[in-house]
Amino acid sequence: MDKSRQRKHQALKSNLNFVRETFVLICSIALWLYSAVVLYTFITVFLSMPTYVNQLVLTVLKVNFTDIINVFSVIGIISVITVLYLIINYQFNKYEVNKGA
């Protein structure tokens with residue numbers, strides 16, 4: 001009779017395509033760099049710190065400081081309206097649940 005022992009498991013074999021993974025890595029790095037430049041530009045515009053890189057990006061995008069500030073103000077107004085709506089909706093539903101119980 002054979003003694004029981006552990007089975008030998010096969011090692012995981014990876015069939016990742018090197019070219020595909022390299023392409024994904026390059027696209028990911030490009031996206032992160034673009035995001036960093038946009039974040040840097042927004043922060044410097046919001047804090048009114050004009051720099052050479054900031055001026056270059058704004059010139060390439062054909063926008064100015066007031067356009068970006070207007071975008072910030074619209075986003076702020078929409079955020080305030082959304083938060084107020086959610087708070088009112090929460091309070092209304094809280095009283096509705098208590099009234100029915």
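Thr-41 touches Asn-54, Val-57 and Leu-58, leaving aside residues up to four places away in sequence. That is a handy way into this model, which is a predicted one. Thr-41 itself sits in helix 1, and with a relative accessible area of just 3% it is buried, because the cut-off for that label is under 20%.

Let's step back to the whole chain for a moment. The protein chain has three helices and zero strands, and from the N terminus on its elements run α-α-α. Buried residues make up 7% of the 101 residues, and Thr-41 is one of the buried ones. The chain exposes about 9,800 Å², and carbon and sulfur atoms supply 69% of that area.

Now for the residue next door. Tyr-40 is also found in helix 1, but here the relative accessible area is 37%, so Tyr-40 counts as partly exposed. Not counting residues up to four places away in sequence, Tyr-40 touches Thr-51 and Val-53. Tyr-40 and Val-53 are 13 residues apart in sequence, and their C-alpha atoms are 9.2 Å apart in space. Val-53 lies in helix 2 and is partly exposed, at 41% relative accessibility.

What do Tyr-40 and Val-53 help to make on the surface? Both belong to a nonpolar surface patch of about 690 Å², together with Tyr-52, Leu-56, Val-60, Leu-61 and Val-63. Which helix gives the patch its largest share? That would be helix 2, residues 52-61, with five residues. Why can Tyr-40 and Val-53 pass the accessibility test for a patch? Patch residues need over 30% relative accessible area; Tyr-40 has 37% and Val-53 has 41%, so both values clear that bar.

On to the rings. The structure holds one aromatic pair. Phe-42 and Phe-72 make up that pair, with 5.4 Å from centre to centre and 65° between the planes, in an edge-to-face arrangement. The pair links distant parts of the chain, 30 residues apart: Phe-42 is in helix 1 (residues 18-46) and Phe-72 is in helix 3 (residues 65-100). Why edge-to-face rather than tilted or stacked? The label goes to planes over 60 degrees apart, and the angle here is 65°. Phe-42 is partly exposed at 32% relative accessible area, and Phe-72 is partly exposed at 27%.

Then there are the charges. How many salt bridges does the model have? The count comes to one. Its partners are Glu-21 and Arg-20, whose closest N and O atoms are 3.8 Å apart. This pair makes the count because the rule asks for a nitrogen within 4 Å of a carboxyl oxygen. Glu-21 is partly exposed, with a relative accessible area of 35%, and Arg-20 is partly exposed too, at 46%.

Here are the accessibility values for the residues discussed above.

| Residue | Relative accessible area | Class |
|---|---|---|
| Arg-20 | 46% | partly exposed |
| Glu-21 | 35% | partly exposed |
| Tyr-40 | 37% | partly exposed |
| Thr-41 | 3% | buried |
| Phe-42 | 32% | partly exposed |
| Val-53 | 41% | partly exposed |
| Phe-72 | 27% | partly exposed |

To pull helix 1 together: Tyr-40 is partly exposed and touches Val-53, Thr-41 is buried and touches Leu-58, among others, and Phe-42 pairs with Phe-72.

Methods: Residues are numbered from 1 along each chain as its sequence is written. This is a predicted model: local features need pLDDT of at least 70, side-chain atom pairs count only at pLDDT 80 or more; totals for chains, interfaces and linings use all residues. Side-chain values use heavy atoms; hydrogens and water are left out. Patches are made of residues with over 30% relative accessible area and no salt bridge: like charges are joined within 9 Å, nonpolar side chains (Val, Leu, Ile, Met, Phe, Trp, Tyr) within 5 Å. Accessible areas come from the Shrake-Rupley method with a 1.4 Å probe; for residues, only the protein chains shown count as cover. A salt bridge is a side-chain nitrogen of Lys or Arg within 4 Å of a carboxyl oxygen of Asp or Glu. Helices (H or I, at least four residues) and strands (E, at least two) are DSSP runs, numbered from the N terminus. Buried means under 20% relative accessible area, exposed over 50%, partly exposed in between (1.4 Å probe, protein chains only). Rings of Phe, Tyr and Trp (its six-membered ring) pair if their centres lie within 6.5 Å; planes under 30 degrees apart count as stacked, over 60 as edge-to-face and the rest as tilted. Contact means heavy atoms within 4.5 Å.
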